[in-house]
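Dear colleague,

I am passing on the structure we spoke about, together with some notes on what was found in it. Please have it open while you read, since the notes go from one residue outwards to the chain as a whole.

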Amino acid sequence: MLKTIPMHICSCGKQYKRLKSFQEHRALCEMIKLATATENKDHLLDTPSTLDMWLAVKVLIQKNIQLETEVKKRGIGYLHNGKN
Ligand SMILES: [Zn+2]
């Protein structure tokens, strides 16, 4: 077993020890980059792969659940309570 853990480094500079975390971050990071790069339409040619899409969507869903939980915990009243 190697003692040094290889780091996965995203193009944005973030470093990850776990490949899964890195893949999830990178997929979302790349999509955010593409989605916000309005000045250069060439980016449209670099559409993410289905796998990257799925990883990014998974992260977004997880974040959404976390946010909903957080909002409910804080008791912010303007959101309707879902039928749990
Ligand atoms: Zn990144």
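A convenient place to begin is Val57, which is found in helix α2. Please bear in mind throughout that this is a predicted model, and that the values below are computed from it. Val57 has 13 C-beta neighbours inside 10 Å and therefore counts as partly exposed, the cut-off for a buried residue being 20 or more. Although Val57 and Leu28 are 29 residues apart along the chain, their C-alpha atoms are separated by 7.9 Å.

That leads to Leu28, whose place is in helix α1. Leu28 has 20 other C-beta atoms within 10 Å, and so it is buried. If its neighbours within four places in sequence are left aside, Leu28 is in contact with Ala56 and Val59. The C-alpha atoms of Leu28 and Leu60, which are 32 residues apart along the chain, are separated by 8.2 Å.

The two helices themselves come next. Helix α1 has 18 residues and reaches 25 Å from its first C-alpha to its last, close to the 26 Å expected at 1.5 Å a residue. Helix α2, which covers residues 50-73 and has 24 residues, reaches 34 Å from first C-alpha to last, close to the 34 Å expected at 1.5 Å a residue. Just after α2, Gly75 takes a positive phi of about 65°.

How do α1 and α2 pack, and at what angle? Helix α1, residues 19-36, packs with α2 at an angle of about 95°, and their axes are 8 Å apart. Because of that angle, α1 is roughly perpendicular to α2. On the α1 side the contact is made by Gln23, Glu24, Ala27, Leu28, Glu30 and Met31, while on the α2 side it is made by Asp52, Leu55, Ala56, Lys58 and Val59. By character, the residues of this contact divide into 6 nonpolar, 1 polar and 4 charged.

As for burial in the helices, the buried residues of α1 are His25, Arg26, Ala27, Leu28 and Glu30. These buried residues of α1 pack against β2 (15-16) and α2. In α2, the number of buried residues is 2 of the 24, so this helix lies largely in the open.

At the other end of the chain, one residue that may interest you is His8, which lies in strand β1, residues 8-9. With 17 other C-beta atoms within 10 Å, His8 is partly exposed. Leaving aside its neighbours within four places in sequence, His8 is in contact with Tyr16, Leu19 and Phe22. The C-alpha atoms of His8 and Gln23, 15 residues apart along the chain, are separated by 8.9 Å, and Gln23 is also among the α1 residues that make the contact with α2.

Finally, a word on the chain as a whole. Its secondary structure comes to 2 helices and 2 strands, and from the N terminus on the elements run β-β-α-α. Of the 84 residues, 8% count as buried. Among contacts between residues at least 6 apart in sequence, 29% join residues at least 24 apart.

With best wishes

Note on methods
Residues are numbered from 1 along each chain as its sequence is written. This is a predicted model: local features need pLDDT of at least 70, side-chain atom pairs count only at pLDDT 80 or more; totals for chains, interfaces and linings use all residues. Helices (H or I, at least four residues) and strands (E, at least two) are DSSP runs, numbered from the N terminus. A residue is buried if 20 or more other C-beta atoms lie within 10 Å of its own, exposed if 12 or fewer, and partly exposed in between; C-beta atoms are placed from the backbone. Two residues are in contact if their C-beta atoms, placed from the backbone, lie within 7 Å. The expected span of a helix is 1.5 Å times one less than its number of residues. Axes are lines fitted to C-alpha atoms, for helices over the stretch in contact, and angles run from 0 to 180 degrees between N-to-C directions. Angles under 35 degrees count as roughly parallel, over 145 as roughly antiparallel, 65 to 115 as roughly perpendicular and the rest as oblique. Ala, Val, Leu, Ile, Met, Phe, Trp, Tyr, Cys and Pro count as nonpolar, Asp, Glu, Lys and Arg as charged, and the others, Gly among them, as polar.
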